Amino acid sequence: MGTSRNVERRTILKAAGATAATLGLAATTTACGGDSGTSADGTVTIRYAWWGGEPRTIAIKKTIALFEKKYPKIKIKPEFTDYEAFWEKFQTQASGGNPPDVFQNAVGFLRKYDKRGVLMDLKAQADAGNLNLENFRNGVLANGQVDGKQIGIPVGANTMALVIDQKAFKKAGVEAKFGWTWNDYFAALQTIQDKLKIAGDTGYFAIMYLYDLYLRQNGKAFFTDSALGFTEADLTQWWEDGYKRVKSGLVADPKKIEQAKPKSGLSAGLAASEFTWDNFSIRYQGEGDSDYGLAPIPTTDGKNTGQYLGSLMLSAFSGTKHPKEVAQFIDFMVHDPEVGKIMGYDRGILATTEQYDAFKPTDPNNKGVAAYEDEVAKAGVLGKITPHPSGADVVEAAFLRIGAEVAQGKTKPADAAKALFSEAKAAFAG
Amino acid sequence: MTLVKEAPVRPAKKRSAAPAAGRRGRRRENLAGYLFMSPWIAGFLLLTAGPMIASLYYAFTSYNLFTPPKWVGLDNFTTMFQDPRWQKSVEVTLKYVVVATPLKLLLALGVALLLAQKRRGQALYRAAFYMPSLIGASVSVGFVWRALFSDDAVVDRTQKVFGVDVGGWIGNPDYVLYSLVALSIWQFGAPMVIFLAGLKQVPQELYEAAEMDGAGPLRRFWNITLPMISPVLFFNVLLESIHAFQVFGSAYVVSDTRCGPADATLVYTCYLYQKGFKEAQMGFASAMAWTLVVAVALVTAVLFWSQKKWVHYEEAAK
């Protein structure tokens, strides 16, 4: 009897095993198959992923249609989400060996994914003639280079700016002029507060990229190749000053800023100015009901703003089955004049001369961004981008979070600085 | 081993009496049962048991998803216990559980008591009170909550009428957790229905007898209703506390995916999620997950142990 029962068990186990195997196989095929492959008629499909709002998605889809018309043998499968979701999804896809073939990228993620072998060195494709690395403006191509490899191709260039509520600045009688110092800036905030009874700034001290500029003005930088480029004392000072200005009302109440999200504090009318990337300024006009303009970054010595050109880029997956097509696609996206006309300055000032020359901005927002970058370039203050070690993205999120805790009065600046250093250490090690 | 153990359980008489054909028939029936269950069994093994075992292993490794996991022993646990953000997440979660669970159950019981009485439109009331639980888990409610409790929104304005001005709960680290508590309380439908079922089971004779003895409504509630529904109460306490320990969606949505401001809504699962999916520290996240499992098991054990003192089962009374 025992034997017969054993047999029975074995049969059941076999059946279960077979089912599990089938399900397992099915799962694997679904996960890996995706749609990136070659179909019977030789048509190649590649996946292209980006983050951004709706206007960007509409524009990019137009450029894809244009590409598919020119290259009928290549089909593009789009994937898009907002910024946060993008990187969460990407991380999971990449670790499973299934990231998109082409994707939007930024400097904070280059080393991280290079270290993990996800990014393709596009030099070989350039040598093979599938991708042109010429005609990039202001040396911005260097933004996509790490350790001699070209792992990102810039689509646009941007730089930090101060976005101001022009009506408020005018009413208070303050002027934001090139070469002004931090003292001038804080004095302007004081005047705005005195005359208009509103805060002047939305919370400058929690923005990592602004602190980077401040450090660069003082001969340091936020990152070195592998660590932080400043001391705990530096940061304690920066946050102590910031908290003082929240208390005195020069900087907007963080509780209100928090609740205005996803609207920015500036367009919600909670303050008169806000530091951000210049190409982001296009959002304010749609969100708020004042007039917004770009103003220069305050300086320490009246000259050096510490600014550099950052950029969004396109990167490719090192393990893609279609490196040639991927390179052709990137080439088209960064060089084709029509694409430049469609995209405008949504991802920064167009990076290649072909696209820059093709797009002539007509609306005041895009014009404003172009004029601002022209002015910055003419002033000759642009420096080279600082390195971003692997883990920079985690540090940026921590900086924003801990900075907000300081603003809320929940963490003392000295403790906050200590916390950031300890979190950064863990991030660089990961 | 198992075969030997199982053998005496089977009724011996039946087995010997059953003809071989019948036995085979039953066996075939069993086989069919297993076959029909096999999708579930496979799903359980592949999607639940497998990942759980994997995560138990990862809890003792350093694993960033890209490079193979590296065995680090108890490192994740020691780092975790010293991590101020982890401590904060424990603190926030405990606060949430301790405040939200009793309030929710209190409201559920109160409404159940009202709805247990016969009155017109009873079904309508029951449906209306149960409704929030049906839509409660959705992300959209989180957004609605954010809108309700923001600066100068409904709650804020209502408060101002009474002279209380906190400027919205969402941006205030001291208040925002209570907006999540409010959301949890609002979804009291499920325990309410269970309470209602429990209340229906209480024999009416007991009340009649008590009334004859001159017991008032409060006394009847305390001495009859409460002891009689204590098993149901126990069940609800158990279920709701376990549920509260695992709160995630509301915290994530109400605080704009950051579980803040100032980590004020950094509930345990939210930190776990951040560690795993934003910072790619899967080993640490797994260690956190298993710590939660153990903690919830302990709480459950304590509740089971305590039930001897306050839960009244009818068999025990006999």
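## A tour that starts at one threonine

Select B:T257 to begin: its relative accessibility is 22%, so it counts as partly exposed, the band between 20% and 50%. You are looking at a predicted model, so keep that in mind at every stop. B:T257 sits in the loop between α13 and α14 of chain B. Put phi on screen and you should find a value near 65°, which is positive although the residue is not glycine.

Next, stay in that loop and pick B:D263, which also lies between α13 and α14 of chain B. Phi of B:D263 is near 55°, again a positive value in a residue other than glycine. Is B:D263 buried or exposed? It has 4% relative accessibility, so it counts as buried.

While you're here, select B:G260 and B:P261. The peptide bond between B:G260 and B:P261 is cis, with omega at about 5°. B:P261 belongs to the loop that runs between α13 (249–254) and α14 (268–278) of chain B. Why stop for such things? Most residues other than glycine have a negative phi, and most peptide bonds are trans.

**Zoom out to chain B**

Colour chain B by secondary structure and you get 16 helices and two strands. Its radius of gyration is 26 Å, well over the 20 Å that the globule rule gives for 318 residues, so chain B is more spread out than a compact globule. Turn it along its principal axes and the C-alpha trace spans about 85 × 75 × 35 Å.

Now for the record. An unreviewed UniProt entry annotates "transmembrane region" on several stretches of chain B, including residues 31–60, 96–116 and 128–148. Select 31–60 of chain B: the span is 93% helix and 0% strand, and its end C-alpha atoms lie 39 Å apart. Then select 96–116 of chain B, which is 100% helix and 0% strand, with 29 Å between the end C-alpha atoms. The other annotated stretches to click through are 175–199, 220–239 and 282–305 of chain B.

Switch on a surface for chain B. The accessible area comes to about 18,100 Å², and carbon and sulfur atoms own 68% of it. Buried residues make up 42% of the 318 in this chain. If you draw a contact map of chain B, residues 24 or more positions apart account for 66% of the contacts with a separation of 6 or more. Colour by charge and chain B shows 31 positive and 20 negative side chains, with the centres of the two sets 14 Å apart.

**Over to chain A**

Hide chain B and bring up chain A, which has 17 helices and twelve strands. Its C-alpha atoms fill a box of roughly 90 × 60 × 40 Å along the principal axes. How much of chain A counts as buried? The figure is 53% of its 430 residues. On the contact map of chain A, 76% of contacts between residues at least 6 apart in sequence join residues at least 24 apart.

Repeat the surface step: chain A has about 18,100 Å² of accessible surface, 55% of it from carbon and sulfur atoms. Charge colouring gives 51 positive and 50 negative side chains in chain A, and the centres of those sets lie 4 Å apart.

For the last stop, select A:K261 and A:P262. A cis peptide bond joins A:K261 to A:P262, with omega about 5°. You'll find A:P262 in the loop between α10 (254–260) and β9 (271–277) of chain A.

How values were computed: Residues numbered from 1 in each chain as written. Chains lettered and ligands numbered in written order. Predicted model: local features only at pLDDT ≥ 70, side-chain atom pairs only at ≥ 80, totals over all residues. Heavy atoms only, no water. UniProt positions renumbered as here; feature names shortened; annotations may be inferred. Helix = DSSP H or I, 4+ residues; strand = E, 2+ residues; numbered from the N terminus. Rg over C-alpha atoms; globule rule 2.2 N^0.38 Å. Buried < 20%, exposed > 50% of the residue type's maximum accessible area, 1.4 Å probe, protein only. Contact = heavy atoms within 4.5 Å. Areas by Shrake-Rupley, 256 points an atom, 1.4 Å probe, with all protein chains shown as cover. Lys, Arg positive; Asp, Glu negative; His and termini not counted. Charge placed at Lys NZ, Arg CZ, Asp CG, Glu CD.
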